[in-house]
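Biologist: I have not looked at this one before. Could you take me through the cysteines and say how each label is reached?

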Amino acid sequence: MTAVRVAAAGLALLLAAACTAPPPPPRGETGTAAGTVCAPPKGAPGKETATTIEVVEQAYFCILGNYHSGATPDARSLLTAGFTALTQELNRNGRDLPDAVMPTLTGDLKADWAAFETAYRKITGQVPDLRDKLAVAALEAIVAALDDEHASWAHDVGQPPDYYDGDGYGLGLEANVNASQADGGLAAAVPPLFVTTVQGGAAQAAGLRPGDVIESINGSAPFIDGKATRAIAALYPRYPQARPVELSLLRQSTGRRRSVTLQPGLFQRDLADLQVVRSKPLDDIAYVRVTSFLPDSADRILRAVFRLRRGRTLSGVVLDLRGNSSGSATEATRLLSAFAHGKVTAYHCTAGDTCQSLRTDDTVELLGLPLVVLTDRGCASACEHFASAVKDLRAGRLVGTRTAGMVSGPAQPYLLTNNTILNLPAEHHLGPNREVVDRIGVPPDHYVPLTPEDAAAGRDLALAEALTLLHR
C-alpha cells in the first residue's frame, strides 16, 4: 500500500499539524459512535498511546465516512482483511486459538462491526499480552485493504539514535524498482532488477555500482516468470528494521558474480541530493531536476529557468521529474501554468462523480519555450498530475517510461484518539480528459527505458532524446 511513501520531512510537517481529538464514547454505546469522531487535525498531537479496539473502530468508520469510495464498497472486505491479519499475528507468535474464527458478516455496517468486535474481544481475552500487537495488525490490514497508495496510517513514527536532519536510513541504494513500487506497485515492475544509484552507507562500503544486477535477495529471486516478487521490498528497510539483507550480484561489464550482506543503518546523503530543485544550462537548453512538488517549488523552478535565460537564448526546457514521488497538486498546476493558460489541469471527483476542476493560474507568466518532461516509474502523485496535464494539453512531450500510477486523490489527515494520523483521499483524481491515471500511469510519448548497461556507463539516453527533440 501508499504511495507514493511520504518523505520523512513531509511526515514531520503532517504530524506537526495534528491535534487531540475528543475521547471515544463509553463502551455502552453502539460501535458506530466512536467512528463518527473523526476530524482533521488542528494542532500538535499528544504522545502516541496504545492502539486499542476502540481506535480500530474509529478508523473503520472514519474510512466509511470519509474515503472517496467509502460508501460504495462492501465493507466486509475491510473487516475480513483485519481478521486475517489478526490470525496471522497469532500464528507468528505461536498462539493460535481454536475459536479464532471469522464471524459471519451480512453487509450491515453496524452489525458487522459488532460481530468483529465481539470476536476480537473473545480472542484477546485469552492472549492479553498480544492485545496491542493484534490491534495494530488489524488496523494496518484494514487500511491496506483499500489498496490505495494515498491511504495510510502513520504510527510508531520515530528516528534512529544519532539521526541528523537529512540522513538516510536503509541499505544506501536505489534500484530500478523503487521504494513505492516495492510497497505496492510491483505489478508494473519488469526485469532485470539492478542498482541505479549508490547513495552511501552499506551499499557504498560494499562497493556496489550503478548497473549491478541483483539476481537474488535473501536467497529469493526478485522475478519469477517475469513477475516481480515481494523479495524486492527487502531493498528498502525502514527504521527500526535492522535485519541484514544478502544480495547476489552480477556485474555485467566483467561477468563477475558475488554475494554481499548489507546491514541497514543511517548514512549521510549527498547535500545535492537533498535539493528539491537543481538546474543547469545544457548549451541552449534549460535543464531543471525536481524531486518533489513541495510548497513554493513551482516558483523556484521558474526562477531557475529565468536565471538560465539571462545572457543566452534558450531553445527549450527539460524538466526531469524522474523519482518525483510526492507533493502538492497546487504546485503542479502552478508550474503547468507557465506552459498553458485557460486550461483544466485535472479533476477531483467525489464517489458520486461530483467533480471540481483544477484550472491553470493565468497570472503566471508564460515561458513561451518548448517543453520536454522526463518521467519514470518513480514519478507519482503530483508528478503524475503534471505529466498527464502536459500530455493531454499538448503542452510538451514526455520522454522515458510510464509513470507510477499512484495518484488516487489528494489525501486528508484525520486524527485518531491514540494521537496517530489516518490519511484518506476524499476525492479521486482524473486527468484533463477525465481519464483515470491511478493504477495506470501516464505513458511517455517517447519510450526510453534505463538499462543496466546504461546505468553502469553513466549514459542518460532519455535526456539525450529530450535534447534531440528540442533541437529539431
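Biologist: What makes Cys379 count as buried or exposed?

Modeller: This is a predicted model, and the values are computed from it. The relative accessible area of Cys379 is 0%; buried means under 20%, so Cys379 is buried.

Biologist: How do you know what Cys379 is joined to?

Modeller: The sulfur atoms of Cys379 and Cys383 lie 2.0 Å apart. A disulfide requires them within 2.5 Å, so this pair is a disulfide. Cys383 is also at 0% relative accessibility and counts as buried.

Biologist: Why is the disulfide of Cys379 and Cys383 called left-handed or right-handed?

Modeller: The torsion about its S-S bond is about -105 degrees, so the disulfide is left-handed. The link of Cys349 and Cys355, with 110 degrees, is right-handed.

Biologist: Why is Cys355 called partly exposed?

Modeller: Its relative accessibility is 29%. Partly exposed lies between under 20% and over 50%, so Cys355 takes that label. Its partner in the disulfide, Cys349, is buried at 0%.

Biologist: What makes Cys38 and Cys62 a disulfide, and which parts does the pair tie together?

Modeller: Their S to S distance is 1.8 Å, and the cut-off is 2.5 Å, so the pair qualifies. Cys38 lies in the loop between helix 2 (32-36) and helix 3 (53-66), and Cys62 in helix 3, so the parts tied together are 24 residues apart in sequence.

Biologist: How many disulfides does the rule give?

Modeller: The count is three. With bonded cysteines counted along the chain, the pattern is 1-2, 3-4, 5-6.

Key:
Residues numbered from 1 in each chain as written. Predicted model: local features only at pLDDT ≥ 70, side-chain atom pairs only at ≥ 80, totals over all residues. Heavy atoms only, no water. Helix = DSSP H or I, 4+ residues; strand = E, 2+ residues; numbered from the N terminus. Buried < 20%, exposed > 50% of the residue type's maximum accessible area, 1.4 Å probe, protein only.
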